[in-house]
Amino acid sequence: MLKTYLSIGKISLKSILANKSSVVILLLQALVPSLVMFYLWSLILDQGQTIGGFSKNQIVIYYIGVNFINSFVWYAVDWELNDDIHSGELSNIIHRPIAIEKYYFAKMLGDRLANLLLLLPILVIGFLYILLNNLLHVSLMVLVEFAVSIVLSAILWFLFSYIVGSVAYWFDNLFFVLLVKEVVVNLLAGFYFPLEILPSFLVKITKCLPFQYFSSFPIDTLVKGFSLANWGKNTLVELIWAAVFYLMVQIVNKKGLQRYSDVMG
Amino acid sequence: MGKNAIEVHNLSKEYVINSRGENWAAVAKNIFKPQKSVVKAVQSLNFEIKSGEKVGFIGKNGAGKTTTIKMLTGTLFPSSGYCKVNGYNPVERTNDFKKSISVVMGNRSQLFPDLTPRDYLELLQTMYDIPESVFAKTVANLARILNVTEKLDLQTRKLSLGERMKIEFLAGVATRPKVLFLDEPTIGLDVIAKRDIRKFLVSLNKEENLTVFLTSHDMEDIASICDHLIIVDRGKIIWDGQKQELLNKFSNNKYISFIKSESFNETNIKAKIIDQDDVTTTIKVPAQKVDHVIAQLAQNNQGTDYQINDLKLEDIILELFAEEN
């Protein structure tokens, strides 16, 4: 069965690489926000100030990192599921000998792998820039923690987005719901700015929510460096969230497909 | 032929529909208290299809054809009753069941537009766990029959509608299903593509004993492919039997078409008028009275250019619907 999902991932990867417009959009999506944020925060923190404990160098790396994590992790499975449910494309998946959630997960892996391949040259340049300018000191251990965090955030993101997309089983149009969700999640995940910039009570709230693991936590792992115990504790919480989301995925799948059958056939 | 490929017992499907309301007040009220109504798409269907049969499932728009196919393929759950396909209950959606069927829908492509048909076929080969060499041989053979060998490595979006549809067929049967469900498979295709696909299905049925379950509004599809007809109207079966049986039932009647004369008067026509416009009229008469009726019409100067036709399958189905109403 694993071979099947690898093939789905391969098809997804090939589809991205075969489509020139999606390659251009992908590069622009990754580059433009990073460059804008780089310029903006370079100006704001020009005099050696810090914000939320971040120095200029750290915040520049934070933004570059967040945008790259965005490219690798944040696959819009919610939008895709919404489209597939309402267009009836889901029927094409239901009658195949595959599990729906695994199908979308395999698609995500292929899609993200395409991102990784396309952005690799830029990544290498960015990494060399950081190394040559001595902007960041990271141990091998931190790099491993960072890599693990990115993989876990991709899984958590997928499970969360899948649940959100499944709401389309119950509602006619999720367009505005998904737009609002993007803004709220981006904010709570630390995509717009580091969560530490928020008032302390809001920081406490965001630390109790799963969204920080989508981008803030992996990039904090790289930039700030946690003790192994602290990183392990956070990762354990992330895994618990993943388990909760996984159970929710099973429930929405079962109830959603029943609902699909009742009203959307 | 022998054992049943499909068994359907009291199969019903009801949809819950939210009504929107006619004005803004009704729309607003509907947000808080939705007005729901139930549509009976399929009502207590009962039929059996033997393995290797080619079945035409016929009905008007909204008759419940696609809903029935979706229940038989496990996409929709029945509201009541049950069905078995290849011995499986589709509701359970087991992989063994899914591997034993194939679905081709004329209005919904399953191909990947950015990739080649071969990419899609390779995915199916893995998905359905078919040995690579066997699959390659099957695909090569089917592609040759359907005349699409040179299209397999072109980007799908660059293929014509007919070529894409042929690839859908190829993909549908390359996975070696026992039952092939076809929903309006020739919609929008030209006569050559239709002919190729019909020939392909008939030969495949003969060679592989493939059970074909076909819905189509194109009666040529039905007439040239199917031997067993199930006709539904408003979710109920109004005919279930062999095609020849149905043709025989109406073989005692003929249609006479003629150009109306200036003195044409409808009240003078002592037969059932099937169709008429400003110029022509078609009437139905018992076969043994054809000569007599034409003689009378001519004598009464009702028309000219008389043409006698057997009832085509399309006419017979219209007759059946008329009888039902």
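Helices and strands here are DSSP runs, with at least four residues for a helix and at least two for a strand. With that in hand, residues 174–193 of chain A in this predicted model are 75% helix and 0% strand, and the C-alpha atoms at the two ends of the span lie 26 Å apart. UniProt, in an unreviewed entry, places the feature "transmembrane region" at residues 174–193 of chain A, and also at 21–40, 60–77, 113–132, 138–162 and 231–249. Residues 60–77 of chain A are 83% helix and 0% strand, with end C-alpha atoms 29 Å apart.

Stepping back to chain A as a whole, the chain has 11 helices and zero strands. Its radius of gyration is 19 Å, close to the 18 Å that the globule rule gives for 265 residues, so chain A is as compact as a globular protein of that length. Along the principal axes, the C-alpha atoms of chain A fill a box of roughly 60 × 45 × 35 Å. Of the 265 residues in chain A, 38% are buried. Among contacts in chain A with a separation of 6 or more, 82% are between residues 24 or more positions apart.

Chain B brings strands into the picture. For this chain, UniProt lists "domain: ABC transporter" at residues 26–259, again from an unreviewed entry. That span of chain B is 39% helix and 27% strand, and its end C-alpha atoms lie 53 Å apart.

One sheet of chain B is open and made of three strands in the order S2-S1-S4, with antiparallel pairing. Its edge strands are S2 (35–50) and S4 (80–85) of chain B, each of which pairs on one side only. From one strand to the next, the twist averages 25°. Between S1(B) and S4(B) there are five bridges, and Val8(B) stands opposite Cys83(B) in S4(B).

Strand S7 (residues 211–215) of chain B offers a contrasting, parallel arrangement. Three bridges join S7(B) to strand S3 (residues 54–59) of chain B, where Val55(B) stands opposite Phe213(B). Strand S6 (residues 179–183) of chain B pairs with S7(B) over five bridges, and Val179(B) has Thr211(B) as its bridge partner. Five of the five residues of S7(B) are buried, so this strand is largely enclosed by the rest of the structure. In a regular strand, side chains alternate between the two faces of the sheet. Accordingly arranged, Thr211(B), Phe213(B) and Thr215(B) point one way from S7(B), while Val212(B) and Leu214(B) point the other way.

The two chains meet in a contact that takes 23 residues from chain B and 22 residues from chain A. On the chain B side, strand S1 (4–19), helix H2 (65–72), helix H3 (95–99) and H4 each supply at least two residues. The largest share, four residues, comes from H4(B). By class, this side of chain B has 10 nonpolar, seven polar and six charged residues.

Helix H4 (residues 117–127) of chain B deserves a closer look. Its buried residues are Pro117(B), Asp119(B), Tyr120(B), Leu121(B), Leu124(B), Gln125(B) and Met127(B). The cover over these buried residues includes helix H1 (2–18) of chain A, along with helix H5 (132–146) and helix H6 (161–174) of chain B. Just after H4(B), Asp129(B) takes a positive phi of about 55°.

How values were computed. Residues numbered from 1 in each chain as written. Chains lettered and ligands numbered in written order. Predicted model: local features only at pLDDT ≥ 70, side-chain atom pairs only at ≥ 80, totals over all residues. UniProt positions renumbered as here; feature names shortened; annotations may be inferred. Buried ≥ 20, exposed ≤ 12 C-beta atoms within 10 Å, placed from the backbone. Contact = placed C-beta atoms within 7 Å. Nonpolar A, V, L, I, M, F, W, Y, C, P; charged D, E, K, R; others polar. Rg over C-alpha atoms; globule rule 2.2 N^0.38 Å. Pairing = 2+ DSSP bridges. Axes fitted to C-alpha atoms, helices over the stretch in contact; angles between N-to-C directions.
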